[in-house]
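Thanks for asking me to look over this model with you. Here are my notes, set out as numbered points so that you can follow along in the viewer.

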Amino acid sequence: MTSAQRPAPKFPLPLERIAGSGTRSGAPGLAARGVLRPQAPMQQAAADAARRVVPSGLGLDSIEVRRRMVQRLQAKGLHDAAVIAALLAVPRDRFVDTALVNQAYEDTSLPIGHGQTISKPSIVARMLELLMQGAATRRSGSLGRVLEVGTGCGYQVAVLAQLARDVISIERVRALHDKARAHLLALREMRVRLVYGDGRIGHAPGAPYQSIIAAAGGDAVPQAWLDQLASGGRLVAPVATQGGRQQLVVVDRDEQGWQRSVHDAVHFVPLKVGLD
Ligand code: SAH
């Protein structure tokens, strides 16, 4: 059984339930109910990530390094205060391999294994700003319930968690799904639910979503995403153009239907079919 088929837990997830140690009331935890199975390698990876030693002298653990990254993004046009705060809150160095930690705060995509990459901070910022512009029309001003397609190493989902009520993120590569879970456990990030599955069909049990964001680009926006987008919601995704390039597409849904607008040229990994 994949986690995609398991019942969705309530948000937020208390840590002890994520860790599978049961609830305080003594009721069986998610692990005991088979919702989140603790796996020895995953726990080991979480422990390793938590213990990760950042090379001395780099100060990568310091908020200062993140502040400088965000200042460079502001110089390139980032201005949404909530997105700025969210980027400042998440240590990107914890999501990349130790060998790449020196580059964690550069505005560059980095390999995360399995032929995939963590997106450039400026692209993450741009997509989140576009999502937040949609949220500005809602009274809460929050992203609400979010669906992310393409968890990767879990960095963007950690940033999204700062801006949303809750986030569901789907990944089709099992090893990356496990890696992201380890990273998020190490940071004690509990507002996210990770699903192993093919994100092209979205995640119907969590629908409707006020915000949908994709980190991989297909030939078109899948119908399932349009169906699972709430009225008043906004979707941001890279989509292939006729010339074989990609552009960010924004879809807003209201009572009348779906409105589509096309934005920046981008370069994302492909939205693939099936599971690895
Ligand atoms: N947001 C991620 C970016 C990862 S790159 C991060 O912060 O690291 C995009 C991811 O999309 C890859 O991990 C890739 O495996 C995943 N992906 C591609 N097609 C997919 C699909 N159909 N369903 C779910 N994930 C998919």
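1. Let's begin at a turn. Please keep in mind throughout that this is a predicted model. His 114 sits in the hairpin formed by β1 and β2, where two residues lie between the strands, and His 114 takes a positive phi near 60° there. That value is worth a second look, as His 114 is a residue other than glycine. In general, most residues other than glycine have a negative phi.

2. The strands on either side of that turn are easy to trace. β1 covers residues 110–113 and β2 covers residues 116–118, and the two pair in the antiparallel sense over three bridges. If you would like one pair to click on, Leu 110 has Ile 118 in β2 as its bridge partner.

3. Now the ligand. Which residues come closest to it? Of the 26 residues that surround the ligand, the closest are Thr 117, Glu 171, Asp 198, Gly 199 and Lys 272. Several polar contacts can be picked out. In the side chain of Glu 171, an N or O atom is 2.6 Å from an oxygen atom of the ligand. A polar backbone atom of Cys 153 is 3.2 Å from a ligand oxygen, and a polar side-chain atom of Glu 148 lies 3.4 Å from a ligand nitrogen. Taken alone the ligand exposes 580 Å², and the protein buries 99% of that.

4. Asp 198, one of the residues closest to the ligand, deserves a point of its own. You will find Asp 198 in the loop between β5 (192–196) and β6 (209–214). Is Asp 198 buried or exposed? Asp 198 counts as buried because its relative accessibility is 15%, and the cut-off for buried is under 20%. A polar atom of the Asp 198 side chain lies 2.9 Å from the backbone nitrogen of Gly 274. Beyond its neighbours within four places in sequence, Asp 198 is in contact with Ile 170, Lys 272, Val 273, Gly 274 and Leu 275.

5. The loop between β5 and β6 also holds Pro 208. The peptide bond that joins Ala 207 and Pro 208 is cis, with omega about 5°. As a general rule, most peptide bonds are trans, and I would flag this one for a look in the viewer.

6. β5 itself is well covered. Five of its five residues are buried, and this holds for both faces: Val 192, Leu 194 and Tyr 196 on one side, Arg 193 and Val 195 on the other. β5 pairs with β4 (residues 166–171) in the parallel sense over five bridges, and Ile 168 stands opposite Arg 193. Between these two strands the chain passes through helix α7 (residues 174–186), making a right-handed β-α-β crossover.

7. A second positive phi turns up in the loop between α7 and β5, where Arg 188 lies. Its phi is near 55°, again in a residue other than glycine. Arg 188 counts as exposed because its relative accessibility is 54%, and the cut-off for exposed is over 50%.

8. Helix α4 (residues 81–89) has Val 83, Ile 84, Ala 86, Leu 87 and Leu 88 buried. In general, residues three or four places apart in an α-helix point the same way, because there are 3.6 residues a turn. The buried residues of α4 pack against α3, α5 (121–135) and α6 (155–161). At the start of α4, a side-chain oxygen of Asp 80 comes to within 2.9 Å of the backbone nitrogen of Ala 82.

9. Ser 62 lies in the loop between α2 (40–51) and α3 (63–75). Ser 62 counts as partly exposed because its relative accessibility is 27%. Ser 62 and Pro 91 are 29 residues apart in sequence, and their C-alpha atoms are 8.8 Å apart in space.

10. Last, the whole chain. How many helices and strands does the protein chain have? There are eight helices and nine strands. Buried residues make up 52% of the 276 residues. Among contacts with a separation of 6 or more, 57% come from residues 24 or more positions apart. The protein chain exposes about 12,600 Å², with carbon and sulfur atoms supplying 53% of that area.

Definitions and conventions:
Residues numbered from 1 in each chain as written. Predicted model: local features only at pLDDT ≥ 70, side-chain atom pairs only at ≥ 80, totals over all residues. Heavy atoms only, no water. Helix = DSSP H or I, 4+ residues; strand = E, 2+ residues; numbered from the N terminus. Buried < 20%, exposed > 50% of the residue type's maximum accessible area, 1.4 Å probe, protein only. Polar contact = N/O pair within 3.5 Å; in protein donor to acceptor, adjacent residues only side chain to side chain. Contact = heavy atoms within 4.5 Å. Pairing = 2+ DSSP bridges. Near = heavy atom within 4 Å. Areas by Shrake-Rupley, 256 points an atom, 1.4 Å probe, with all protein chains shown as cover. Right-handed = clockwise from strand over helix to strand, strands pointing away.
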